[in-house]
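Me: I would like to go through this model by question and answer, with the cut-off behind each term stated where the term comes up.

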Amino acid sequence: MAAQTEVRTQFSTAEIETLKQFAAGDLTAFETLFRQHQAQVYGWIVRVVRDTGAAEDLTIETFWRIYRARKRFDPKRSFGAWARRIASNVAIDHLKSVRPEACLSAEAVHAVEVDSDLQQHIRRQTERAFRQLPVKFRAVATLALVEERPYEEISKSLGISVGAVKSRVFRAVRLLRKKLKQSGVEP
Amino acid sequence: MKETNDARFKSLLKQALRPISPELQRDLWPQMLRRIDERSPAKTVPWFDWALLAIVVISNLVFPHSILLLLYQL
């Protein structure tokens with residue numbers, strides 16, 4: 001009850017009205033929410049999938065799922081948190097559907113003509129090993145290690161406990177180390 | 001030791017993965033509207049209504065007296 005009161009006080013009357021109208025199927029209210037949250041949703045997705053083109057499509061997919069599920073939305077809850085949770089699921093589904101090797105060539109371009117052969121080799125092997133990680137480890141490792149997002153934020157967005165986030169990061173690092181050793185790179 | 005390890009992997013991953021700008025470059029609302037238009041159930045007349053209309057028209061042509069019956073029902 002106290003939590004609900006707290007949530008209520010976070011939003012203005014106008015915002016709650018917009019959320020209610022959205023839940024009732026009002027397209028104008030949905031447009032308002034879309035424009036308020038599209039940048040945040042896109043930013044989260046692109047951090048996970050690391051592909052700007054795909055992130056735009058996935059942002060649309062996220063809001064499409066939100067639009068379809070509008071009747072289940074509780075206007076007393078945070079729209080942003082709900083949207084981010086759905087965005088995380090959409091991004092992870094996308095990662096599952098893309099072969100790990102698919103992004104290698106594009107990523108490799110980044111390293112060309114900048115490094116010595118050895119550094120380039122290490123980069124490529126690291127990236128290859130990273131792409132081969134199971135998706136649920138890769139998503140968490142990207143957010144925690146590369147983007148340095150707080151564990152709390154990751155846990156809320158993915159709908160898992162902070163302990164599970166820590167465990168996935170730990171296991172991702174352990175797997176990465178193993179794969180790198182197998183390819184002759186000593187991290 | 002663990003923190004050093006994490007820092008080492010952070011550094012390795014940041015070097016290996018292409019930097020990404022999290023800023024959205026354009027408004028996606030027009031695309032969203034297209035998606036809603038494409039995927040929303042079309043507002044068409046169900047086939048059953050068309051069949052019913054066809055039956056009424058044909059029966060009126062074959063049995064002109066049925067027009068009176070139809071008018072009475074309306």
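The turns below take up the conventions, then chain B, then chain A.

Me: Which pLDDT is needed for local features in this predicted model?
Reply: Residues are numbered from 1 along each chain as its sequence is written, while chains are lettered from A and ligands numbered from 1 in the order in which they are written. This is a predicted model in which totals for chains, interfaces and linings use all residues, side-chain atom pairs count only at pLDDT 80 or more, and local features need pLDDT of at least 70.

Me: What is the radius of gyration of chain B?
Reply: Chain B has four helices and zero strands, where helices (H or I, at least four residues) and strands (E, at least two) are DSSP runs numbered from the N terminus. Its C-alpha trace spans about 95 × 30 × 20 Å along the principal axes, and buried residues, meaning those with 20 or more other C-beta atoms, placed from the backbone, within 10 Å of their own (exposed if 12 or fewer, partly exposed in between), make up 9% of its 74 residues. The radius of gyration is taken over C-alpha atoms, and the globule rule is 2.2 Å times the number of residues to the power 0.38. A compact globule of 74 residues would come near 11 Å, but the value for chain B is 33 Å.

Me: Which element of chain B gives the most residues to the side that touches chain A?
Reply: Two residues are in contact if their C-beta atoms, placed from the backbone, lie within 7 Å, and the contact takes 27 residues from chain A and 22 residues from chain B. On the side of chain B that touches chain A, α1 (2-16) and α2 (29-39) of chain B each supply at least two residues. The residues of that side divide into 12 nonpolar, three polar and seven charged, with Ala, Val, Leu, Ile, Met, Phe, Trp, Tyr, Cys and Pro counted as nonpolar, Asp, Glu, Lys and Arg as charged, and the others, Gly among them, as polar. With 10 residues, the element that gives the most is α1(B).

Me: Which element gives the most to the side of domain 1 of chain A that touches domain 2 of chain A?
Reply: Chain A is divided into domain 1 (1-98) and domain 2 (101-187), with bounds that come from an automatic or database domain assignment. The contact takes 12 residues from domain 1 of chain A and 11 residues from domain 2 of chain A, and the side belonging to domain 1 has seven nonpolar, one polar and four charged residues. The elements that give two or more residues to that side are α3 and α5 of chain A, and the one that gives the most, with eight residues, is α5(A).

Me: Where does the largest nonpolar core lie with respect to the two domains of chain A?
Reply: A nonpolar core is a set of buried Ala, Val, Leu, Ile, Met, Phe, Trp, Tyr and Cys residues joined through C-beta atoms within 7 Å, and among the 48 residues of the largest one, A:I45, A:A91 and A:V140 touch the most other members. The element that gives the most to this core is α3(A), with 10 residues. Since domain 1 (1-98) and domain 2 (101-187) of chain A both give residues to the core, its place is between them.

Me: How many C-beta neighbours inside 10 Å does A:L33 have?
Reply: A:L33 is placed in helix α3 of chain A, and, not counting residues up to four places away in sequence, A:L33 touches A:T18, A:F22 and A:F79. A:L33 counts as buried, and its number of C-beta neighbours inside 10 Å is 23.

Me: Within what arc do the buried residues of α9(A) fall?
Reply: Helix α9 (residues 151-158) of chain A has A:I154, A:S157 and A:L158 as its buried residues. They line one face of the helix, because, seen down the axis of α9(A), they fall within an arc of 85°. The arc is that of the directions from the helix axis to the C-beta atoms, and the value asked for is 85°.

Me: Is A:E148, which has a positive phi, buried or exposed?
Reply: Phi of A:E148 is near 55°, a positive value in a residue other than glycine, and A:E148 is placed in the loop between α8 and α9 of chain A. With 9 C-beta neighbours inside 10 Å, A:E148 counts as exposed.
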